[in-house]
Amino acid sequence: MAVQKLTEEETNKLLQDFPRWKLSDDRSAINASFALSNFVEAWSFMSAIAIVAEKQDHHPEWFNVYNKVKITLTTHDASGLSERDRKLASFIEELAETFKV
Ligand code: H2B
């Protein structure tokens, strides 16, 4: 199902609201890195995201090494960024506060 892409203005607002997130060179995705205190914390952080991602039917691309989690958000159904990415990034930022990262 096709999903509407964010406009340039909406994309800029997203980047302003969530400064940890950087736009990919082709502007189709946003990326952020998180350093948790250890592997168990990183896995807990990812588990909490996974539950919400599944509920939202919007899934992150991510990479984990020990305490580090790198996350890419993009909407495959839009071939770019959509409101779904903004919503998931917003949740991840709230979660990051509770994990103090
Ligand atoms: N996740 C992401 N990141 N982008 C999508 O377009 C997407 C998804 N589409 N999760 C969903 C699943 C879709 O494939 C299913 C069929 O609803």
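1. Let's start at one end of the sheet: two bridges tie strand E1 to strand E2 (residues 30-35), and the two run antiparallel. One of the pairings to look at is lysine 22, whose bridge partner in E2 is asparagine 31. Keep in mind that this is a predicted model.

2. The hairpin that links E1 and E2 has six residues between the strands. Check arginine 27 there, as it takes a positive phi near 65°.

3. On its way through the sheet, E2 also pairs with E4: six bridges join them, again antiparallel. Within that pairing, phenylalanine 34 sits opposite valine 69 in E4. Zooming out, the sheet is open, with four strands in the order E1-E2-E4-E3 and antiparallel pairing. Its edges are E1 (22-23) and E3 (61-65), each of which pairs on one side only.

4. The side chains of E2 are worth a look. In general, side chains in a regular strand alternate between the two faces of the sheet. Here Ile30, Ala32 and Phe34 point to one face and are buried, whereas Asn31, Ser33 and Ala35 point to the other and are not.

5. Asparagine 31 deserves its own point. This E2 residue has a relative accessible area of 29%, and because buried means under 20% and exposed over 50%, asparagine 31 counts as partly exposed. Leaving out neighbours within four places in sequence, its contacts are Arg20, Trp21, Lys22, Ser24, Ile71 and Thr72. Isoleucine 92 is 61 residues away from asparagine 31 in sequence, and their C-alpha atoms are 12 Å apart.

6. Now the helices, starting from the sheet edges: E1 and E3 are the edge strands. Helix H2 (residues 39-56) packs on the sheet and touches E2, E3 and strand E4 (68-73), with its direction at about 165° to that of E3. Helix H3 (residues 83-98) packs on the sheet too, touching E2 and E4, and its direction makes about 160° with that of E4.

7. How do the axes of H2 and H3 cross, and within what distance do they come? They come within 11 Å and cross at roughly 150°. Angles over 145 degrees count as roughly antiparallel, so that is how H2 and H3 lie to each other. The crossing of H2 and H3 is right-handed.

8. Side by side, the contact looks like this: H2 brings Phe45, Ala48, Ile49, Val52 and Gln56, and H3 answers with Lys87, Leu88, Phe91, Ile92, Leu95 and Ala96. By class, the residues of this contact split into nine nonpolar, one polar and one charged.

Technical notes
Residues are numbered from 1 along each chain as its sequence is written. This is a predicted model: local features need pLDDT of at least 70, side-chain atom pairs count only at pLDDT 80 or more; totals for chains, interfaces and linings use all residues. Side-chain values use heavy atoms; hydrogens and water are left out. Two strands pair if DSSP finds at least two bridges between them. Contact means heavy atoms within 4.5 Å. Axes are lines fitted to C-alpha atoms, for helices over the stretch in contact, and angles run from 0 to 180 degrees between N-to-C directions. Angles under 35 degrees count as roughly parallel, over 145 as roughly antiparallel, 65 to 115 as roughly perpendicular and the rest as oblique. A crossing is left-handed if the near helix is turned anticlockwise from the far one by less than a right angle, and right-handed if clockwise. Ala, Val, Leu, Ile, Met, Phe, Trp, Tyr, Cys and Pro count as nonpolar, Asp, Glu, Lys and Arg as charged, and the others, Gly among them, as polar. Buried means under 20% relative accessible area, exposed over 50%, partly exposed in between (1.4 Å probe, protein chains only).
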